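Hi,

Here is the model I promised you, with the sequence alongside. Have it open while you read, and my notes on what turned up in it follow underneath.

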Amino acid sequence: MERVERRWSLSAQARYAVDWIDRTPGLVAGVLEAHRVPAVPHVTNLEELRGLPGIHAVVTATEVPATRFTTAGQPHKEPSPYDMAIINRVVRYMGEPVALIAAQTQDDLRRCLDRAIVEYHGLDGPLHASCPDNVLARWSTHIGESMGPIAGDGTMVTVQRQSHLQLEPHASMAMIEPGGRLVLWTTTQVPYHVRRIVARALECPASQIRVVATDVGGGFGSKQEVIVEPWVALLARLTGRVVKMQLSRRQEFLLGRTRHSATLRVASLWNGQNLSAMHLEVDVITGPYGGHGSSVAHNMALKTLPFYRCPRYEFDGQVRYAVGPVAGAFRGYGGPQGAMAVETHWDEVARRMGMDPAALRIGSLMQEGDPLDVLDPINDRRRVFRGDPIQDLIQKCLDAAEWSAPRGLNEGLGLALSMQASGVPQAELAMVRVVLQEDGMLWVTTGAVDMGQGAREVLRSIVADAVGISPRGIRIVPGDTDLEAFDYGTYASSTTFVTGSAAQKAAQQVKRQLQDLVDILPWRSKSQGPWGGYTIEELAEASFYGPHRRPVVGLGVAAPEQSPAPVAVLVAHVHVDSDIGQVTVQRLVAGVDVGHPINPIAVQGQIEGALAQGLGYALCEEVHVSDEGHVLTQSLRDYAYLSAMEMPPITVILTDTPDPDGPMGAKSAGEVAVAPVAPAIANAIYDAVGVRVRDLPITAQKVWQQMAQSQKSWATCELIKQQD
Amino acid sequence: MHTHRVQLAVNGKLKTVTVPADERLLDTLRTKMDLYGARYGCGTGHCGACVVSQEGVGLVPSCLMLTVRLDGAAITTYEGLETDPLMRDLQDAFVEEGAAQCGYCTPGILLSLHHVLSQDPVDENVVRESLVSHLCRCTGHYASVRAAMKVLQRKAGMKVAVD
Amino acid sequence: MQWIEASTLDELQSALVQGYRVIGGGTGLLGDENPVEKVVDIRRFPDANQIVEYPSRWQLGPVVTLTHLQAWAKNHVPGLADGLNRLGTPVLRNLATVAGRLANREPTSDLYPMMRLLGTEVLVMSREDPQPRWMLLEYEGPLYGANRVWLALRIPRSTKRRRMVFEKITKARLNGSIVNGAVSWQQSVANGQIHVQMVISGVFEIPCHLSVCSKPLDLATKIRAQWQAFQQMGWVPIDDFRASAAYRAHVAGVVLERLLKTQSGFFESSLEEA
């Protein structure tokens, strides 16, 4: 495997947006942050602020374009409400811009922020006038014939807000180039969506904007949001200067996005050990703006229910506006929330039936050819499951984790499953351009982004494989919207499958053109190259300067109907300190079907990273918000995250079953392994000490509370013994 | 704004800068010396992305250090060690194990591993302890631990060979 | 921001009068986007970053770091060295000062219980009183405030005979500190009685101090009785997003039992010797 790209990832050269910002002179943009919400703010000394030295612009809500948009980086027309302007007349989350400021220096900016006087007129009633009950969406989808009411309360879980904690903060820089076009350097997963959304926000044509995506220092969905870009764009247009902005970590917690918090309930109807109906109900909090709310909510069902064959599926839900930080896309995208509910429920049902949780699952599992879109009865066969038999994968994991072995004291094992798509089904588009340069290098231009997941390396492998040349001869050119390689962007685990397919098609064209060129060239080479005697360099030269002057250009377009589902099986082995409820994860065994792993090391890295994020979600990570909407965890001092010392041993079992639709047989790999961690740990805790925590994160306190309630607490017993 | 003239050695080269009192070393390196290996991640010293080495002190978070206090100090950044043989070994192992994904935290982590592997004795626990200084959101540190252990084993192998 | 250096008491006194705040490691003072107007640097004070050995005490300068203390403790108070491993991260410990970690006190202080048990004293100078005075490290009292500066700390050498163990319970290893506890003990050569001291922080706004001197067999009972008395004094445990009041009180009890248990081995061996 070529290592050029990975060597680049060790580089200290200027390559992130923050580097561009630090090396480029320009104005510093800042946010006058709201301290009371929901409210209508009024800056009482606006003219004074504008007159301060070093202040180039102070913009408030009344002076921004009226057009509303969503920051959710989704394809047009987004399934997210257009519920915000660049600056809103009503502020709805703490830290939301009351005004945007462009200053000469950080000091000028700080002085201006210190001097600002803001009066707030507090608002009662709904957050958005268009939603009187704060409910953004509500639905009830029932598929299949009813077998009667589903008795019992089922399993109720609550899941928390999680911070992306991508290490590189949001950062963007804007300038007006001669001729009036706006150029935006930014750290983003979605350059083309940024272009379109900023164009809408500024009320200008998309062609008037060029977005240059820099290297991305961690995304995980946080940079599928268009947060800072419209702000610097507006200020650049107003001042005509280079304007740059980088969020602080505190601002990341306040102005960034979180995983959607939610309450979920699962119930099921059984005929003996046969599943007759499954019911999932979700109540999703999207924060004060609705980005991704409905799509994340629906994914809670789409990534969980198809696992289990069942004649009737019921999915009810609502998405609600609420104070607190804005929720958004986050690796797993509904999967972690859904899996926590459904996979906990299966464990509970199995225990109630006196069955092995693995055996109960295996009896109902989705098989090859089963529908994936179970909630869409008309098109439910459009996408079907293909892959390694899931029961085999489960068995491998159970064996590796010694599922049948006796448990140690306060030790337990738990199982959970998860699935993902490979790109948003029927909503992906990627263009990839592969052009043979005159020196023999193949340039692969894409609108996708490498945010560490290894997109460059994978695209390089796919092109090298399809053309039949060394990966060394390929250069990947990502993320510049002026280079005409339209792409929906890097999210929904799409890059390998969707952009990879486009790259494969473009590369196949290139290969055909190269062969054609060989056939028509009048002279013979003496170099004995692999192309009918020619080297790629000779062909490259001939393509531009030979008698036929026929450049080799491939343009691949992928708009896949399919979106194959990778599957993850996880067995967690935990120990519970029964005195205080502290959970120690002793080992994770993950079985993952990603089709054919093109780059096994990168896939391993994706799985490990996803599991680590799932562990934090399961055990400690939570953005705490006060009733007034203040974020209480504003720094890494307060936001609990796991350190290197707390990472348990991991065993990853990768299958290799090529998918018929994927490039080189690949399915996606980036997100699938986040979701099963929390339910597997919850189930393992039940196995260990007989209590069930249905409220994430599973802190020691919650385990202890449950143990105390269930009167099984070892500590309590000891205390009684001592008193005797 | 009151400024101060500060002379410090960075990667073995003597530099003189004029800085306001509240300028952090991180910003001095990035805006005045074109050194981008130290990066802002949290601003409170917890994430380790901005780590540099100060002679006589050890590894420190440059986001919490006032440049004005460093008159006469000697600082080594990631860039200053890029050609160091142990650092090259670590980089190779990082590439082999895929220990750098987005790469943002990588220079800081490599500095810590370089520091810890220069000591004796080292085991996996010591390596992990040193990584507590760093937040790596992409990898969960698995690959960096593997890479460090690989370098350690190679070193041990060479020692045996020499003996 | 204004930054000045002081290397004499007079300079420092004058800075304090002008409202300067003392900067040590800066880890507490220079947080993210945390502008400070005026700081005075005291690292040029004689022996500011030294641990100096005197016949009756070890003296720590005001900018001695946690790493430095840890290296020293390995040879003198191993329990302290182990405990310091749980404070912050290796990189932060290289910068954070002992004085700063103690002077910026928090209810969940982790260093305080250990340093308190070592009998640490603090040399304090105030804006009002330029004469530095030694005071016993206490969580409350006249040590603190923006108009105070800590010029040195000292640990009595008698500490060498004491043993100490530290326990820290957190939400995640690095953050979300819930309860910290330390215990130290020492056996009297004269009468075989054991002197046990415990400090538990994180439960109440003020750390709890427990102290018992008795025969080994009665120790646990007496300590538990003191802890019960604490809980019945009507102090309200801290209740925040890190942990509930009830959980804190429970965990403190567990920490206490564990700390007692870690000593039992020592007691048994000393009983055998006796």
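The crossing of H9(A) and H16(A) is right-handed. Bear in mind for this and everything below that the model is a predicted one. Helix H9 covers residues 335–353 of chain A and helix H16 covers residues 677–689 of chain A; the two pack at about 30 degrees, and their axes are 8 Å apart. Angles under 35 degrees count as roughly parallel, so H9(A) is roughly parallel to H16(A). On the H9(A) side the contact is made by A:Ala339, A:Met340, A:Glu343, A:Thr344, A:Asp347 and A:Arg351, and these meet A:Ala678, A:Pro679, A:Ala682, A:Asn683, A:Tyr686 and A:Asp687 in H16(A). What is the make-up of that contact in nonpolar, polar and charged residues? It divides into 6 nonpolar, 2 polar and 4 charged.

Just ahead of H9, have a look at A:Tyr333, which sits in the loop between strand E16 (326–327) and H9 of chain A. Its phi is near 45 degrees, a positive value in a residue that isn't glycine. Most residues other than glycine have a negative phi, and most peptide bonds are trans. On the second count, chain A has a couple of places to check. The peptide bond from A:Val37 to A:Pro38 is cis, with omega near -15 degrees, and A:Pro38 lies in the loop between E1 and strand E2 (39–43) of chain A. A:His76 and A:Lys77 are also joined by a cis peptide bond, where omega is about -10 degrees; A:Lys77 belongs to the loop between E3 and E4 of chain A.

Those loops lead to a sheet in chain A. It is open, has 7 strands with mixed pairing, and runs in the order E3-E4-E1-E11-E8-E9-E10. Which strands are at its edges? They are strand E3 (55–60) and strand E10 (209–213) of chain A, each pairing on one side only. From one strand to the next the twist averages 20 degrees. Within the sheet, strand E8 (residues 171–176) and strand E11 (residues 243–246) of chain A are antiparallel partners over 4 bridges, and A:Ala171 stands opposite A:Gln246 in E11(A). Helix H4 (residues 106–115) of chain A packs on this sheet, where it touches strand E1 (27–33), E3 and strand E4 (97–103) of chain A, and its direction makes about 20 degrees with that of E1(A). Helix H5 (residues 191–202) of chain A packs on the sheet too, touching strand E9 (182–186) and E10 of chain A, with its direction at about 145 degrees to that of E10(A).

Now over to chain C. An open sheet of 4 strands there has the order E9-E10-E11-E12, with antiparallel pairing. Strand E9 (163–170) and strand E12 (208–214) of chain C stand at the edges with a single partner strand each, so each has one side without a neighbour in the sheet. The twist here averages 10 degrees from one strand to the next. Strand E10 (residues 177–187) and strand E11 (residues 194–201) of chain C pair in the antiparallel sense over 8 bridges, and C:Trp185 has C:Val196 as its bridge partner in E11(C). Helix H7 (residues 219–231) of chain C lies across E11 and E12 of chain C and runs at about 150 degrees to E12(C).

Chain C also has a hairpin, formed by E4(C) and E5(C) with 3 residues between them. Strand E4 (residues 51–53) and strand E5 (residues 57–60) of chain C run antiparallel and are joined by 3 bridges, with C:Glu53 opposite C:Trp58 in E5(C). E5(C) is in turn joined by 4 bridges to strand E8 (residues 148–156) of chain C, again antiparallel, and C:Gln59 stands opposite C:Arg154 in E8(C).

Last, the interfaces with chain B. How much area is buried between chain A and chain B? About 4200 Å², of which carbon and sulfur atoms give 56%. The contact takes 53 residues from chain A and 48 residues from chain B. In chain A, A:Leu10, A:Leu167 and A:Met645 lose the most area to chain B, together 18% of what that side buries. Between chain C and chain B the buried area is about 2200 Å², with 57% from carbon and sulfur atoms. In chain C, the residues that lose the most area to chain B are C:Met1, C:Trp3 and C:Val91, together 29% of what that side buries.

Cheers

Terms used. Residues numbered from 1 in each chain as written. Chains lettered and ligands numbered in written order. Predicted model: local features only at pLDDT ≥ 70, side-chain atom pairs only at ≥ 80, totals over all residues. Heavy atoms only, no water. Axes fitted to C-alpha atoms, helices over the stretch in contact; angles between N-to-C directions. Parallel < 35°, antiparallel > 145°, perpendicular 65-115°, else oblique. Left-handed = near helix turned anticlockwise from the far one by under 90°. Contact = heavy atoms within 4.5 Å. Nonpolar A, V, L, I, M, F, W, Y, C, P; charged D, E, K, R; others polar. Pairing = 2+ DSSP bridges. Buried area = accessible area lost by both parts, 1.4 Å probe.
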